[in-house]
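Reader: I would like a close look at a single part of this model, with the cut-offs stated. Please put that part in the context of the whole chain afterwards.

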Amino acid sequence: MFFFMFFPLQDSLRGRPKEIPHNEKLLSLKYESLDYDNIENQLFLEEERRMSYMGFRCLEISRWVVCGLIGILTGLIACFIDIVVEQLAGIKYQLIKENIEKFTETGGLSISLILWAVLNFTFVMVGAIIVAFFEPIAAGSGIPQIKCYLNGVKIPRVVRLKTLVIKVCGVICSVVGGLAVGKEGPMIHSGAVVAAGVSQGRSTSLKRDFKIFEYFRRDTEKRDFVSAGAAAGVSAAFGAPVGGVLFSLEEGASFWNQMLTWRIFFASMISTFTLNFVLSIYHSHAGDLSNPGLINFGRFEGDSVTYNLYEIPLFIAMGAIGGFLGALFNVLNYWLTIFRIRYVHRPCLQVMEAMLVAAVTATVSFTMIYFSNDCQPLGPESTEEYPLQLFCADGEYNSMATAFFNTPERSVRSLFHNQPGTYNPLTLGLFTLTYFFLACWTYGLAVSAGVFIPSLLIGAAWGRLFGILLASTSSGGAQHSNAIWADPGKYALIGAAAQLGGIVRMTLSLTVIMVEATGNVTYGLPIMLVLMTAKIVGDYFEEGLYDIHIKLQSVPFLHWEAPATSHWLTAREVMSSPVTCLNRIEKVGTIVDILSNTSTNHNGFPVVVQVLESDEPAKLCGLILRSQLIVLLKHKVFVELARSRLTRRKLQLKDFRDAYPRFPPIQSIHVSQDERECMMDLTEFMNPTPYTVPQETSLPRVFKLFRALGLRHLVVADDENRVVGLVTRKDLARYHLGKHGLEELQLAQT
């Protein structure tokens with residue numbers, strides 16, 4: 001039934017009209033672009049030319065030091081989250097277990113349900129309050145926001161210290177509160193925040209400047225370190241340093257080089273080593289480096305790692321199932337997110353929804369455990385952390401409780417490694433169905449939470465069910481055949497990879513992450529085939545979950561390639577015009593009026609020069625940014641003052657770096673009436689060599705310049721070097737969305 005539901009959707013996608021409405025308001029004005037292109041003005045070139053070879057070597061060493069610090073701090077944060085979650089969850093589950101065992105004999109299990117629900121929504125309430133009221137950007141996993149940042153979009157408050165604190169506390173509350181979430185996704189955001197702070201050598205939130213790493217106070221350098229932080233977060237979460245590097249490459253960074261690869265890999269290695277070492281001390285096994293990440297899938301050894309050639313088609317079929325279920329998950333979450341945008345936008349309503357989900361999750365879990373009669377023997381080799389006997393006989397435990405009455409990470413590990421026969425098919429089927437909808441409802445709440453572990457848990461459940469059904473249908477076959485189908489753990493692993501790939505649509509990095517997390521390369525090929533199949537099938541119906549949420553937030557995100565049908569468009573069709581230009585020597589009052597004009601909100605201004613005693617139009621001679629003009633106004637860099645104060649200190653790049661990244665608003669800068677009549681010479685501060693293209697340049701070529709060089713503005717000039725337009729990221733993002741994408745944004749914003 002679900003299969004046919006998606007065909008009308010796919011048919012509508014094929015029939016999308018090609019006309020694109022030029023509606024600026026549908027892309028949020030609160031998002032600005034980052035300046036990944038260095039402003040090579042006179043100040044910059046003079047500083048670079050003064051620096052010796054040894055100075056450049058010291059800078060390179062500083063980059064390695066910063067990456068090392070990023071790895072250490074990210075690993076320590078991961079340790080803190082893991083230890084606190086383990087302690088609080090242990091106390092909670094032990095308390096509920098004792099309460100259930102007490103009332104199972106005497107009656108009154110409703111009290112146990114109330115206790116479970118109260119504990120859950122108390123933790124979730126705290127986590128939701130600190131997110132909804134203090135730092136909303138800390139909601140979710142943070143991966144879409146970091147993807148946008150590395151793509152070149154400045155997301156407000158995404159890499160602040162306050163965001164990190166709320167993120168860490170929020171994810172602890174979410175996981176302990178029993179929601180269908182994981183703590184691994186937010187580690188990527190946490191690592192990125194750590195990188196953004198450490199690399200700047202100061203904290204603007206705490207108003208402390210340590211006077212170190214000042215050279216790195218620009219978007220170009222900060223971007224590279226944030227890439228390293230995201231990779232260190234993946235490495236700490238999964239114990240996968242190579243997977244972390246590939247994650248930054250596949251999901252985030254637009255720009256890459258060999259040295260950056262080595263530095264990011266170094267940060268990832270340091271991160272997983274720090275986590276490993278500290279947890280070995282915590283577990284009283286100092287030096288035993290067997291805890292590489294927050295989640296440990298356990299060792300796949302013996303029969304569980306064997307597979308045969310004729311199982312490959314089965315794995316591919318599981319990939320197709322995962323892709324379809326992932327697309328269904330994403331479609332349901334898409335409409336749920338639109339509902340939240342429309343009706344659940346107040347903080348108090350967001351907190352109430354999170355508490356409702358927590359209470360419903362506890363109620364559903366308790367109900368499933370209560371009515372389950374799947375009893376399994378509790379032998380000495382059992383690895384259950386909190387076995388619940390409930391109505392089972394002595395020496396047995398309720399296997400449904402193994403899935404629900406546990407942290408999601410432990411549930412995934414039990415599905416991977418528990419002995420065949422531990423779960424019956426009905427238990428796995430009911431668990432998959434209920435947890436699928438609980439996870440879908442949970443993602444998008446105003447809590448800090450990730451979708452990695454819930455996706456793995458759903459996939460592991462239906463994958464193990466697939467393996468059990470396969471073994472039962474082949475039970476009449478040969479003994480050799482039975483031996484191959486015997487272990488459902490490998491199907492749980494393949495199902496987990498298929499489900500996660502179907503939801504987030506990662507291929508290369510996720511393959512390596514799964515291989516590193518399992519500690520066995522044997523399943524490298526099946527996992528790769530499964531993830532590719534899941535992505536192909538999922539993309540046929542719907543986009544990946546992160547891409548959906550990026551689009552619904554109206555972010556001007558640029559994908560890897562320009563739209564396939566965009567070759568008939570040129571720079572003339574996408575550029576903004578007319579363009580506000582400044583003269584090379586401009587009146588201060590004019591600059592203040594332009595910057596104060598809220599209707600334009602431009603961030604880049606072409607600088608033109610008029611040929612003396614000539615009627616020819618002004619010609620382009622440079623480009624200057626709003627942030628630069630604000631610093632110049634703040635320091636009163638006026639021509640008249642420079643002439644009258646011979647001892648006045650010359651403005652340096654340090655003045656611009658000190659103001660970065662929170663440049664003051666134009667309203668905070670006082671300019672007197674007399675100063676408005678002064679003149680400002682922009683020659684020394686503008687970029688004299690901005691990238692320009694003619695009007696006839698094709699859109700794919702313009703797109704490639706933005707994506708590869710990290711441009712914020714691209715000047716469109718005619719044959720005589722006169723400015724005729726300006727292409728911005730929003731112009732390209734609007735045309736990349738197309739008519740259907742803009743209609744979806746309009747629907748979400750209505």
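Reader: Which strand do 2 bridges join to strand β7 (residues 582–583), and in which sense do the two run, parallel or antiparallel?

Author: The partner is β9, and the two strands run parallel. This is a predicted model, in which local features need pLDDT of at least 70 and side-chain atom pairs count only at pLDDT 80 or more, while totals for chains, interfaces and linings use all residues. Residues are numbered from 1 along each chain as its sequence is written, and side-chain values use heavy atoms, with hydrogens and water left out.

Strands (E, at least two residues) and helices (H or I, at least four) are DSSP runs numbered from the N terminus. Two strands count as paired if DSSP finds at least two bridges between them. Within the pairing of β7 and β9, N583 has V608 of β9 as its bridge partner. β9 also pairs with strand β10 (residues 619–625), here in the antiparallel sense, over 6 bridges. In that pairing G604 stands opposite L625 of β10.

Strand β9 covers residues 604–609, and 5 of its 6 residues are buried, so the rest of the structure largely encloses it. Buried means under 20% relative accessible area, exposed over 50%, and partly exposed in between, with a 1.4 Å probe and protein chains only. Across the protein, buried residues make up 56% of the 750 residues.

As for nonpolar cores, each is a set of buried Ala, Val, Leu, Ile, Met, Phe, Trp, Tyr and Cys residues joined through side-chain atoms within 4.5 Å. The largest has 148 residues, of which F297, I369 and F416 touch the most other members. Helix α3 (residues 53–106) gives this core its largest share, 14 residues. Apart from this core lies another, of 31 residues, including V607, L651, A659 and L682.

The protein as a whole has 29 helices and 14 strands. Contact means heavy atoms within 4.5 Å. Of the contacts with a separation of 6 or more, 79% are between residues 24 or more positions apart.

Confidence is given by pLDDT, the predictor's value for each residue from 0 to 100. The protein averages 83, and 87% of the residues score at least 70. Among its elements, helix α6 (residues 161–176) has the highest mean pLDDT, 94, and helix α1 (residues 2–14) the lowest, 39. The pLDDT is below 50 over residues 1–25, a stretch with 38 contacts in the model beyond near neighbours in sequence.
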